[in-house]
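Biologist: I'm new to reading protein models. Could you walk me through this one, a feature at a time?

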Amino acid sequence: MRIRVLGSAAGGGFPQWNCGCPNCRGVRAGTIRATPRRQESIAVRSDGTGWFLLNTSPEIREQIESFPGLHPQAPRHSPIQAIVLTNGDLDHTLGLLSLRESHPLVVYATERMRRGFTEGNVLYRTLQRFPGQVTWRALSLGSESELAGVDGKGSGLWIEAVPVPGKLPIHLESQGVGDPEDNIGLRIREAATGRRLAYFPAAGGLTPMVGKALDDADCVFFDGTFWSGDELPAQGLGTKRADDMAHLPVGGPGGSLAALHGLRASRRIYIHVNNTNPLLREDSPERKEAEAAGWEIAGDGMEVSL
Ligand code: MLT
Ligand code: MN
Ligand code: ZN
């Protein structure tokens, strides 16, 4: 299995357009040891097939251009076989609207995510330019199915959606109560090698099911949004704490670094890193602590071969 990180930052990216926090100012000025990052999305493939995108960020156009593996091989063509969504947040879904140039798309999502994106969304009409422009394939929780592209041909990658504590996208919060289908992690198994990827970019907490998916995996990507629960209020950036946003912090006694210390995965990678997070500074004590525990911090362009 080959994995390419297209974007590693949380919603807003790094730096974020309206943010003057020390990290965002420092990376703009070149005064801190940190690299800009686009919003989270990765591409995955097995041998001999095209790429599957996990999430489509608002920066999808630059992300495709930044990686020759995603460039067209014919006058009208894309190596992108399908897109898989892990929740309906705009940093994961807005890119779909940018892929509107009359190309058939296959999108894997839970039924809740599909409805959240398509219902009452006048802009979705841009993806209804011809019959069959978007084929939605339903992910049901806890069952494994083989990923396939537009032609329906199997990819050799088998996927299972795992419910993860999370929340509704902010723009849907007023519309109802949450549901296990609102936020998922993905287990992806390559049939030929048996290698497993666990992709959990947004996790408000750990459950036995999440724990099992992470324990099984050869490579884990996990929610690295915040180092600490009060990271935003402590920097004068509003009142929301990490748990209000359903992101388990990395640091501290209850954090994911402590909770996930026993994982056997040879690659353990934090992704969806918020611009305020000290992990972004290559020489910070927090970064050293995570690295000493065997974790990497995703960067754009990073590749993993499993
Ligand atoms: C999140 O990950 O919590 C969301 O992307 C936040 C947002 O939509 O701004
Ligand atoms: Mn996000
Ligand atoms: Zn910032």
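Biologist: What share of the 306 residues in the chain is buried?

Modeller: Buried means under 20% relative accessible area, exposed means over 50%, and partly exposed is in between (1.4 Å probe, protein chains only). In this chain, buried residues make up 52% of the 306. This is a predicted model, where local features need pLDDT of at least 70 and side-chain atom pairs count only at pLDDT 80 or more, while totals for chains, interfaces and linings use all residues. Residues are numbered from 1 along each chain as its sequence is written, chains are lettered from A and ligands numbered from 1 in the order in which they are written, and side-chain values use heavy atoms, with hydrogens and water left out.

Biologist: Which helices and strands should I look for, and how many are there?

Modeller: Both are DSSP runs numbered from the N terminus: helices are H or I with at least four residues, strands are E with at least two. Here you get eight helices and 14 strands. The radius of gyration, taken over C-alpha atoms, is compared with the globule rule, 2.2 Å times the number of residues to the power 0.38. The chain comes out at 18 Å, close to the 19 Å from the rule for 306 residues, so it is as compact as a globular protein of that length.

Biologist: And which residues have the most contacts inside the largest nonpolar core?

Modeller: A nonpolar core is a set of buried Ala, Val, Leu, Ile, Met, Phe, Trp, Tyr and Cys residues joined through side-chain atoms within 4.5 Å. The largest one has 53 residues, and Ile3, Ile42, Trp136, Leu186, Leu197 and Phe221 have the most contacts inside it. Strand S5 (residues 105-109) gives the most to this core, with five residues. Apart from it lies another core, of 32 residues, including Cys19 and Leu248.

Biologist: Which protein atoms are the donors of the zinc ion (ligand 3)?

Modeller: Donors are N, O and S atoms within 2.8 Å of the metal (3.2 Å for Na, K and Ca); water is not among the atoms, so sites may look incomplete. For this zinc ion they are Cys19 (SG), Cys21 (SG), Cys24 (SG) and Asn275 (OD1), at 2.2 to 2.3 Å. Their spacing in sequence is C-x1-C-x2-C-x250-N. Cys19 and Cys21 are buried.

Biologist: Why is the arrangement called tetrahedral?

Modeller: Four donors count as tetrahedral if all angles lie between 85 and 135 degrees. The four donor atoms around the zinc ion (ligand 3) subtend angles of 103 to 116 degrees, so the arrangement is tetrahedral.

Definitions and conventions: Four donors count as tetrahedral if all angles lie between 85 and 135 degrees; four count as square planar and six as octahedral if opposite donors are over 155 degrees apart and all others between 65 and 115; anything else is irregular.
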